[in-house]
Amino acid sequence: MRGEKDQEQALLEWRWHQLHLRRKYRDTAAGFSDPESERQAFRQWKEDVKEFKDSREYRILSEYQLAEEIFVGRDEYLAQVETALDSDSGPVILYGIAGIGKSAIARAYVRRVHARYDHILFLSCDAGLQNMICDDYHVTISNLKYSRKQYGNRKRYFQIKCEALIRIAKEKRLLLVIDGFNEPFDRDMEKLLTVPCDILITTRLHPSVWGIGKNGIHVEELKTEEEWEQFTENYRNRELSSEDREKLLQYWKKVQGHTWKMIFRIRWLGSPEEVSTDFEEDLFRRFPLKKEEQQALMYLSVMPVQGIPKRLFLKISQIPESAVNRLVGFLLVRSIRNEQWKDELLSLHPVVAEAAVKVFSPSPINCSRLLKGMEQYLLREAAKENDIGKRTYLEPYVFSLLKAFPEPVPWLASAFYELVTFLCIQGYYLEAEEYSLHIFHAVESYYGEIHQTTGEMAFKTSDVYFCGLKFPSAQRWYLKGLAIMENCGVSSRKYWYMRAVINVRAAAVYRHIGNTELAMIHADAALKYIGNYKQESVSDNGETEVLRELCMMENVKINLLDVITKTLLI
């Protein structure tokens, strides 16, 4: 193509010389026969030159159509965009979570300043950066039209169109708006940023992901009730009662001023919410989320709204830190430094959390790794803290898990019971009793009334009542667990350990109610079962010695109580 143009230019130059020769030798046969033919020949040459120049000139032919729309408040963002673009220090990036109003701010800015520019390109990046620029309908440039025969692949055509934009921007004032650019920074983006024009980008990514966050503007929710009232007034499509307004105000607080959700609720007050399902799907579809990133979102969706320390979350979830960092870069996870924790607090915006619950449907089954991780943390890490008061930092996370999973699954009973044990230690006896019953009934329904696991859970339920000093209830559950264990078969070597533990606890219960004879019988039985367990156990990590010491201490207490009782009777 370029070679053909050069030949055409050479031909025009040759024709110019021929015209001057004909003018010089007009009295010969080769010269002009009369003045009119001379003028006509020069006129035609000038027209051909103009046509040739036009064929080599690039002009933007597409035009952005300004459309009026409701836009409330947020003038501070428009001012920030204007200041940043005037500084001429690179692209301006509006970033924030989906539906927060980034595109609306960009459109409002274009309406405000469109008269300053010769050309405005407002382009959606849904199909990727290369396709966006190569689209000859939305980016129409004179003398450029994609043809596989002429340009080969689209990669080359993208480069050519960028060069054309560079040439245009050197002569014309151009504003390029790239809406919804949520891809990794690559060579295509690097090439496009060389266009010497004002560039405004909206994205769901934190600019640090690209390393060009100098002019990043974080778009957040509407903050004040005054903004909310103005917003409601502009978007309402009917008269609103005081009750309607109060409901909307409560919803505003629930979604923390999220604009898209607010518009939906104002326009569809009282209607089913399935209209918004596309929003939830789209929120995560824009990113190529890996399995561990989906799990991280699911796990965080059941955590308290105030967030969880990053170190604690990584420990109990076993999610790689790189996955969490990517989600922070995608603006799907908030990460705020907390000096009290000396750590980052990870949390989800309520709208993101709601979407994660709908899309990923957290359950005890798909969150089993989180539950088991919390179980191990409570057993190993939190147990190291001698001062029980220090463990209060875990309370919000334990309660969140129990609230998220009100119906425990039987094969995760030990993990759930560790949460219940924590509640007992912290003094939440009523909550612990209620949930322990849920766990027992789930286990009993699954394994049957006579089973080693059912007996173990009956014992643990009795332990909950024992911690709450409800000794009659504790006694009933100990006896229930004891009866189950005596009648069920041996499923694992843990059977003997549980028999020993149950008898130690039973001895303590009978001691508390003053029956030293039965207390001693159970204490002796516990020692026997400790011996059985030790014989069958390859390695018990010292647990039998700990249990033996508890049993010996119980023996001492029973004997002391027996002596005191007999002394009082004398």
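This is a short walk through one protein model, from its overall make-up to its sheets, its aromatic rings and one histidine.

Hi everyone, thanks for having me. Please keep in mind that the model is predicted. Let me start with the broad numbers. The protein has 570 residues, and 47% of them count as buried. Its secondary structure comes to 25 helices and 8 strands. If you look at contacts with a separation of 6 or more, 69% are between residues 24 or more positions apart. As for the surface, about 29,900 Å² is exposed, and carbon and sulfur atoms supply 51% of that.

Now to the strands. How are the 5 strands of the parallel sheet ordered? The order is E2-E3-E4-E1-E5, and the sheet is open. At its edges are strand E2, residues 119–124, and strand E5, residues 216–218, each pairing on one side only. On average, neighbouring strands here are turned by 15° against each other, direction ignored. Helix H4, which covers residues 102–113, packs on this sheet and touches strands E1, E2, E3 and E4. The direction of H4 makes about 160° with that of E4. Let's zoom in on one edge: E2 runs parallel to strand E3, residues 174–179, and 6 bridges join them. Within that pairing, Leu123 stands opposite Ile178 in E3.

There is another sheet, also open, with 3 strands in the order E6-E8-E7, and this one pairs in the antiparallel sense. Its edge strands are E6, at 308–309, and E7, at 334–338, and each pairs on one side only. E7 and E8, the latter being residues 343–347, share 5 bridges. Arg337 stands opposite Glu344 in E8.

On to the rings, which I suspect some of you have been waiting for. The structure holds 14 aromatic pairs. What makes the pair of Trp228 and Trp252 stacked? Their ring centres are 6.4 Å apart and their planes meet at 15°, so the pair counts as stacked, given that planes under 30 degrees apart fall in that class. This pair links distant parts of the chain: Trp228 belongs to helix H9, residues 225–235, and Trp252 to helix H10, residues 242–254, with the two positions 24 residues apart. Are these two tryptophans buried or exposed? Trp228 is buried at 3% relative accessibility, and Trp252 is buried too, at 8%. Both also belong to one aromatic cluster, together with Phe231 and Tyr235.

For an edge-to-face example, go to Phe466 and Phe471. Their centres are 5.4 Å apart and their planes are at 65°, so this pair is edge-to-face. Phe471 is buried, with a relative accessible area of 18%. One more ring, with a charge this time: the charged end of Arg154 sits over the ring of Tyr146, 4.7 Å from its centre.

Last stop, His522. You will find this histidine in helix H24, residues 516–536. His522 counts as buried, because its relative accessibility is 9% and the cut-off is 20%. What does His522 touch, leaving aside its neighbours within four places in sequence? The contacts are Leu482, Asn503, Ala506, Ala507 and Tyr510. Take Ala507 from that list: it is 15 residues from His522 in sequence, and the two C-alpha atoms are 5.1 Å apart in space.

That's my tour, and I'm happy to go back to any part of it.

Key. Residues are numbered from 1 along each chain as its sequence is written. This is a predicted model: local features need pLDDT of at least 70, side-chain atom pairs count only at pLDDT 80 or more; totals for chains, interfaces and linings use all residues. Side-chain values use heavy atoms; hydrogens and water are left out. Two strands pair if DSSP finds at least two bridges between them. Helices (H or I, at least four residues) and strands (E, at least two) are DSSP runs, numbered from the N terminus. Axes are lines fitted to C-alpha atoms, for helices over the stretch in contact, and angles run from 0 to 180 degrees between N-to-C directions. Contact means heavy atoms within 4.5 Å. Rings of Phe, Tyr and Trp (its six-membered ring) pair if their centres lie within 6.5 Å; planes under 30 degrees apart count as stacked, over 60 as edge-to-face and the rest as tilted. Buried means under 20% relative accessible area, exposed over 50%, partly exposed in between (1.4 Å probe, protein chains only). A charge sits over a ring if NZ of Lys or CZ of Arg is within 6 Å of the ring centre and within 35 degrees of the ring normal. Accessible areas come from the Shrake-Rupley method with a 1.4 Å probe; for residues, only the protein chains shown count as cover.
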